[in-house]
Amino acid sequence: MPTMSALEGAFCRSAPWRLAARRVVSWARQGILLAGDVLEIGGGSGATADELARANPSLRLTTTDYDPVMVGAARKRLAKYSHVAARQADATQLPFDDETFDFVVSFLMLHHVVDWEKAIAEVARVLRPGGIFIGYDLTASRAASWVHLADRSPHRLIERGAFEPVLGHVGLDVIGLRYSFGGRVLRFAARKPALST
C-alpha cells in the first residue's frame, strides 16, 4: 500500500477535515450504533477516530493507517483517550487475529488501496460473527479521477456495482448500501453472519 501524497496528508491534518469529521462519521454510520471492539482502517491523522472516541467513550478503538507520518499524527491527536490506540498497518494484511473486532469502519480510504478487494477480505477475517463493516468511499467518476491524477496518489476507484459482489464473496451480508451525491459516493454497511447454534 502507498503512503499518502503531500496534498492528501495536508488535507487529512487540516482544520476543515477535522470539522467535517463529526458530520461524516454520523452520516456514514447510517444510524448503526458502535459498541465493543472497533477497528478503523485507513484512519489517517485520527480525525474520525477522535470523533468516534469522543462520542462513544465505552468503545475500545484501534485506528490504523499504512503511512507512518499519519500514524504519528493520530497518536498525538488521540493521546487524550485511554481507550484508543493508533497503529501502523496495511489494510490488505491486517496484524490482528481472526474474529477480533465487533465493528470495522472505513471512511474514504478504500479507493487508495489498489487491491481493495483484499482489504475487504481482511475486514471479513477480523470481524467477529455478527460483526459489522461500515463506511463510505468514492466511486469511479471523472472528477474523482482528475483529483487523484492531479495529486499523483495511487488509487483505484470503485466502479458502481462492483462493491456488492465482493462483500458477498468474502461472506458479508449487505444490510445497507446507498449511492449518494449523484452516484459519486457509496455508503455501506455489511454484517458477518452470526454462528448458528
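Me: Buried means under 20% relative accessible area. With that cut-off in hand, and with the reminder that this is a predicted model, what makes β2 count as mostly covered?

Reply: Of the 6 residues in β2, 5 are buried, so each of those 5 has a relative accessible area under 20%, and that is what the word "covered" rests on here.

Me: How do you know that helix α3 is largely enclosed by the rest of the structure?

Reply: Helix α3 spans residues 47–55, and 7 of its 9 residues are buried, so the helix is described as largely enclosed. The buried residues are A47, T48, A49, D50, E51, L52 and A53. The helix lies across β1, β2, β3 and β4, and its direction makes about 175 degrees with that of β2. Helix α4, residues 68–78, also packs on the sheet, where it touches β2 and β3 and runs at about 170 degrees to β3.

Me: Why is Q30 called buried, and why is E99 called partly exposed?

Reply: The relative accessible area of Q30 is 19%, and because the cut-off for buried is under 20%, Q30 falls on the buried side. E99 has 40% relative accessibility, and since partly exposed covers the range between the buried limit of 20% and the exposed limit of 50%, E99 belongs there.

Me: What makes the phi angles of these two residues worth pointing out?

Reply: Most residues other than glycine have a negative phi. Q30, however, has a positive phi near 55 degrees and is not a glycine, and E99, also not a glycine, has a positive phi of about 55 degrees. Q30 is found in the loop between α2 and β1, while E99 is found in the loop between β3 and β4.

Me: Why are β3 and β6 called edge strands of the sheet?

Reply: The open sheet has 7 strands in the order β3-β2-β1-β4-β5-β7-β6, and its pairing is mixed. In that order β3 (84–88) and β6 (173–180) each have a single partner strand, so one side of each is left without a neighbour in the sheet. From one strand to the next, the twist averages 15 degrees.

Me: How do you know that β1 is paired with β2 and also with β4?

Reply: Two strands pair if at least two bridges are found between them. Strands β1 and β2 have 4 bridges and run parallel, so they meet that condition, and β1 and β4 are likewise joined by 4 bridges in the parallel sense, so they meet the condition too. Residue E40 stands opposite T63 in β2 and opposite V105 in β4.

Me: What makes the crossover from β2 to β3 a right-handed one?

Reply: The strands β2 and β3 run parallel and are joined by 5 bridges, with L61 standing opposite V84 in β3. The chain passes from β2 through α4 to β3, and because a path that runs clockwise, with the strands pointing away from the viewer, is called right-handed, this crossover has that clockwise sense.

Me: What makes β2 stand out in the lining of the largest cavity?

Reply: The structure holds 1 cavity of 30 Å³ or more, and about 30 Å³ of space lies in the largest cavity. Its lining includes G43, G44, T63, T64 and D65, and the elements that give two or more residues to that lining are β2, α4 and β3. With 3 residues, β2 gives the most.

Notes. Residues are numbered from 1 along each chain as its sequence is written. This is a predicted model: local features need pLDDT of at least 70, side-chain atom pairs count only at pLDDT 80 or more; totals for chains, interfaces and linings use all residues. Side-chain values use heavy atoms; hydrogens and water are left out. Buried means under 20% relative accessible area, exposed over 50%, partly exposed in between (1.4 Å probe, protein chains only). Axes are lines fitted to C-alpha atoms, for helices over the stretch in contact, and angles run from 0 to 180 degrees between N-to-C directions. Contact means heavy atoms within 4.5 Å. On a 1 Å grid over the protein atoms alone, a cavity is a set of points where a 1.4 Å probe fits but cannot get out, and a pocket is an open set with protein on both sides within 12 Å along at least five of seven lines; lining residues have an atom within 4 Å of a point. Grid points are joined across faces, edges and corners, and a volume is the space filled by probe spheres set on the points.
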